[in-house]
Amino acid sequence: MASKLWLALSLWLLLSTCEGGKQMSKLSAKKLCADADCSHPILIAQALQDFNTADCRFITFRQGQLIYVYAMLKGRGNLFWAGTVQDSYYGQQEARIGHFPSSVVKEVLPLMPADTEVKTTNWDFYCN
């Protein structure tokens with residue numbers, strides 16, 4: 001009996017400490033990218049102001065930071081872009097792609113045309 005209780009308690013502790021992912025609602029059904037995999041940056045943007053968020057679909061950045069933009073959402077989500085933040089020191093910023101409002105950045109350097117329309121997937125809006 002004690003061993004079953006210990007096993008149940010161990011499993012509960014193990015499962016409660018594991019972080020599970022969470023599917024968030026889609027911001028858009030389509031996005032514009034430089035290629036079909038959205039693996040090449042479209043442009044480099046610079047943050048005009050700090051952007052802090054608790055929504056896991058979005059990235060946080062500080063004024064002046066550079067952001068590599070990989071996708072521009074279309075349709076009802078056309079106000080949002082997806083990218084990754086670059087810090088002044090490589091490795092200082094967590095490397096992850098997230099969304100942000102296009103109104104809080106300015107385009108600094110165009111890299112490739114965003115002429116490939118791609119359907120968004122659930123993974124585009126999945127949070128860890």
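# A guided tour: salt bridges, a disulfide, aromatic rings and a surface patch

Begin by selecting Lys30 and Glu117, which form a salt bridge with their closest N and O atoms 3.3 Å apart. A salt bridge here is a side-chain nitrogen of Lys or Arg within 4 Å of a carboxyl oxygen of Asp or Glu. This is a predicted model, in which local features need pLDDT of at least 70 and side-chain atom pairs count only at pLDDT 80 or more, while totals for chains, interfaces and linings use all residues. Residues are numbered from 1 along each chain as its sequence is written, and side-chain values use heavy atoms, with hydrogens and water left out.

**First stop: the salt bridges**

Lys30 lies in strand S2 (residues 30-33) and Glu117 in strand S8 (residues 116-119), so this salt bridge ties together parts that are 87 residues apart in sequence. Strands (E, at least two residues) are DSSP runs, numbered from the N terminus. Lys30 has 36% relative accessibility and counts as partly exposed; Glu117, at 42%, is also partly exposed. In these terms, buried means under 20% relative accessible area, exposed means over 50%, and partly exposed lies in between (1.4 Å probe, protein chains only). Now add Lys74 to the selection: Lys30, Lys74 and Glu117 are linked in a network of salt bridges.

Next, select Lys31 and Asp124. Their salt bridge has its closest N and O atoms 2.9 Å apart. Lys31 is in strand S2, whereas Asp124 is in the loop between S8 and strand S9 (126-127), and the two residues are 93 residues apart. Is Lys31 buried or exposed? With 9% relative accessibility, Lys31 counts as buried, while Asp124, at 25%, counts as partly exposed.

Then select Asp55 and Arg57, whose side chains meet in a salt bridge (2.6 Å, N to O). Asp55 is partly exposed, with a relative accessible area of 21%, and Arg57, at 12% relative accessibility, counts as buried. The count of salt bridges comes to four.

**Second stop: the disulfide**

Select Cys33 and Cys38. A disulfide is a covalent bond between the sulfur atoms of two cysteines. The cut-off used here is a pair of cysteine sulfur atoms within 2.5 Å. A search of the whole structure finds one disulfide. In the bond between Cys33 and Cys38, the sulfur atoms are 1.9 Å apart. The torsion about this S-S bond is about 75 degrees, so the disulfide is right-handed. Both Cys33 and Cys38 are buried.

**Third stop: the aromatic rings**

How many aromatic pairs does a search of the whole structure find? The search finds six aromatic pairs. Rings of Phe, Tyr and Trp (its six-membered ring) pair if their centres lie within 6.5 Å; planes under 30 degrees apart count as stacked, over 60 as edge-to-face and the rest as tilted. Select Trp81 and Phe100: their ring centres are 6.3 Å apart and their planes are at 80 degrees, so the pair is edge-to-face. The pair links distant parts of the chain, with Trp81 in strand S5 (residues 80-86) and Phe100 in strand S6 (residues 98-101), 19 residues apart. Both Trp81 and Phe100 are buried. Extend the selection to Phe51, Phe58, Phe61 and Phe80, which ring pairs link with Trp81 and Phe100 into a cluster.

Definitions and conventions:
Helix = DSSP H or I, 4+ residues; strand = E, 2+ residues; numbered from the N terminus.
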